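Take a look at the fold before reading on. The text below walks through it part by part.

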Amino acid sequence: MTVSSAPGKVYLFGEHAVVYGEPAVPCAVERRATVSVSLRDDDHVRVRAEDLSLNGFTVEYSGSTGGRPDVDVPAPLVEAAMGYIDAAVEQARDAAGVPDAGFDISVESDIPLGAGLGSSAAVVVAGIDAATRELGVELSPREIADRAYQAEYEVQDGQASRADTFCSAMGGAVRVEGDDCRTIDAPALPFVIGFDGGAGDTGALVSGVRELRERYDFAADTVSTIGDIVRRGEELLADADPDEEPTEELLSELGGFMNFNHGLLEALGVSSRSLDSMVWAAREAGAHGAKLTGAGGGGCIVALDPTPESQTGLRFTPGCEDAFRAELAIEGVRVEEPPATDGDEPTTDGDDTLVGDST
Ligand code: MEV
């Protein structure tokens, strides 16, 4: 058995605009997806996924598609998660030149599904790493990032940037502009995350921005203004000492840019009432800045606050289901120790059987 994990991420700046070639700066955070893979002696793929949302659920799934598990999570989210796993399996088979390799796969994640923290990218990155290693092939994190991007691109019908997958594979803070992906130095920023318990439909949200951008010059200008904010934010990071605590001045300037970025995302129609109220709760509690993170529509906001105040404020905010601090994850994809026993192995047999088990 091979076990790999990869981190989720928050966008300091630049989601959505990155789809149109503007730069973005996502930062990996210490919430990880862990994927365990064992090679089978046939060509079947069986997946067991636990805790794919903070609410908690377990689904046992066998075969590639074809049924609906009875779980306490919207079926499209579960199907999307399984689509990503299928795409990761295809990438691993292709990388190793073993098109009919079969696997038992188990996924555990503490990243809420579809909530803007890069859950799918982390599952795909960790899945490709574990499955290729299980087939005796070791890819570099950049190669994993590239293959994970191909997988996301396919599942999201061509509406994906390289940002989520590159960040998850490499770890730390990264800068993505089209195909140009690099890691950048950044101090340990004091991220606080608020989660409304929901999720957005990334495909629909990206399509909505695309339509607005095509229809109105001012929407296209809004997208390129987000790019301007990212470039100014990057200059601030480049001038900061990555080994020192961030100064109040840096946090205040970055926070101001985050607020501006959130306003523009709101104008592009990808915020929601709960995201806006969490953003305002964090600001009113004294955060230097706050914005939605990821595709929007629901899910998470990220605030910059070294004090406990934003987290406390968020916990008392109607519509906020959870609030937590997230450290910058320095490490991207990595190999983990396999569990001591394999008592957690999938137990179902046969193709196309789905067994759901709510917790
Ligand atoms: C989704 O996490 C981020 C978006 O910019 C889409 C993408 O970059 O693929 C909305």
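What follows goes from the whole chain to its salt bridges, a recorded binding site, one helix and some backbone angles.

This is a predicted model. Its secondary structure comes to nine helices and 13 strands. The chain has 359 residues, and 56% of them are buried. Contacts reach far along the sequence. Among those with a separation of 6 or more, 75% join residues 24 or more positions apart. The exposed surface is about 14600 Å². Carbon and sulfur atoms supply 45% of that area.

Now turn to the charged side chains. The structure holds 20 salt bridges. Start with Asp104, whose salt bridge with Arg40 has its closest N and O atoms 2.8 Å apart. What does this pair tie together? Asp104 lies in strand β5, residues 103–109. Arg40 lies in the loop between β2 (25–39) and β3 (45–50). The pair therefore joins parts that are 64 residues apart in sequence. Are the two partners buried or exposed? Both Asp104 and Arg40 are buried.

Asp104 has another partner. The side chain of Arg46 meets that of Asp104 in a salt bridge of 3.0 Å, N to O. This pair, too, links distant parts of the chain: Arg46 is in strand β3, Asp104 is in strand β5, and 58 residues separate them. Arg46 counts as buried because its relative accessibility is 9%, and the cut-off is under 20%. Asp104 has 12% relative accessibility, so Asp104 counts as buried as well. The two pairs belong to a network of salt bridges that links Arg40, Asp42, Arg46 and Asp104.

Elsewhere, Glu234 forms a salt bridge with Arg175, and the closest N and O atoms are 2.5 Å apart. Again the link spans distant parts of the chain. Glu234 sits in helix α6, residues 217–239, while Arg175 sits in strand β6, residues 173–177. They are 59 residues apart. Both Glu234 and Arg175 are buried.

Next comes a site taken from a record. In an unreviewed entry, UniProt places the feature "binding site" at Pro112, Leu113, Gly114, Ala115, Gly116, Leu117, Gly118, Ser119, Ser120, Ala121 and Ala122. Which of these residues does the lining of the largest pocket include? The lining includes Leu113, Gly114, Ala115, Gly116, Leu117, Gly118, Ser119 and Ser120.

Two residues of this stretch deserve a separate look. Ala115 lies in the loop between β5 and α2 (119–134). Its relative accessible area is 1%, so Ala115 is buried. Leaving aside residues up to four places away in sequence, Ala115 touches Phe195, Gly198, Thr293, Gly299 and Cys300. Gly116 is also placed in the loop between β5 and α2. Gly116 is buried, with a relative accessible area of 12%. With residues up to four places away again left out, Gly116 touches Lys9, Thr293 and Gly294. Thr293 thus appears among the contacts of Ala115 and among those of Gly116.

Move on to helix α8, residues 273–284. How far do its 12 residues reach? From the first C-alpha to the last, α8 reaches 16 Å, close to the 16 Å expected at 1.5 Å a residue. The buried residues of α8 are Leu275, Asp276, Met278, Val279, Ala281, Ala282 and Arg283. An α-helix has 3.6 residues a turn, so residues three or four places apart point the same way. Against which elements do the buried residues of α8 pack? They pack against β8 (191–195), α7 (248–267), β9 (289–292), β10 (300–304) and α9 (309–315). After α8 comes Gly286, with a positive phi near 110°.

Positive phi also occurs outside glycine. His16 has a phi near 65°. It is found in the loop between β1 (2–13) and β2. At 5% relative accessibility, His16 counts as buried. Asp157 has a positive phi of about 50°, although it is not a glycine. Asp157 lies in the loop between α3 (141–155) and α4 (163–170). Is Asp157 buried or exposed? Its relative accessible area is 67%, so Asp157 is exposed. His16 is thus a buried residue with positive phi, whereas Asp157 is an exposed one.

Terms used:
Residues are numbered from 1 along each chain as its sequence is written. This is a predicted model: local features need pLDDT of at least 70, side-chain atom pairs count only at pLDDT 80 or more; totals for chains, interfaces and linings use all residues. Side-chain values use heavy atoms; hydrogens and water are left out. A salt bridge is a side-chain nitrogen of Lys or Arg within 4 Å of a carboxyl oxygen of Asp or Glu. Helices (H or I, at least four residues) and strands (E, at least two) are DSSP runs, numbered from the N terminus. Buried means under 20% relative accessible area, exposed over 50%, partly exposed in between (1.4 Å probe, protein chains only). UniProt positions are given in the numbering used here, feature names are shortened, and annotations may be inferred rather than shown by experiment. On a 1 Å grid over the protein atoms alone, a cavity is a set of points where a 1.4 Å probe fits but cannot get out, and a pocket is an open set with protein on both sides within 12 Å along at least five of seven lines; lining residues have an atom within 4 Å of a point. Contact means heavy atoms within 4.5 Å. The expected span of a helix is 1.5 Å times one less than its number of residues. Accessible areas come from the Shrake-Rupley method with a 1.4 Å probe; for residues, only the protein chains shown count as cover.
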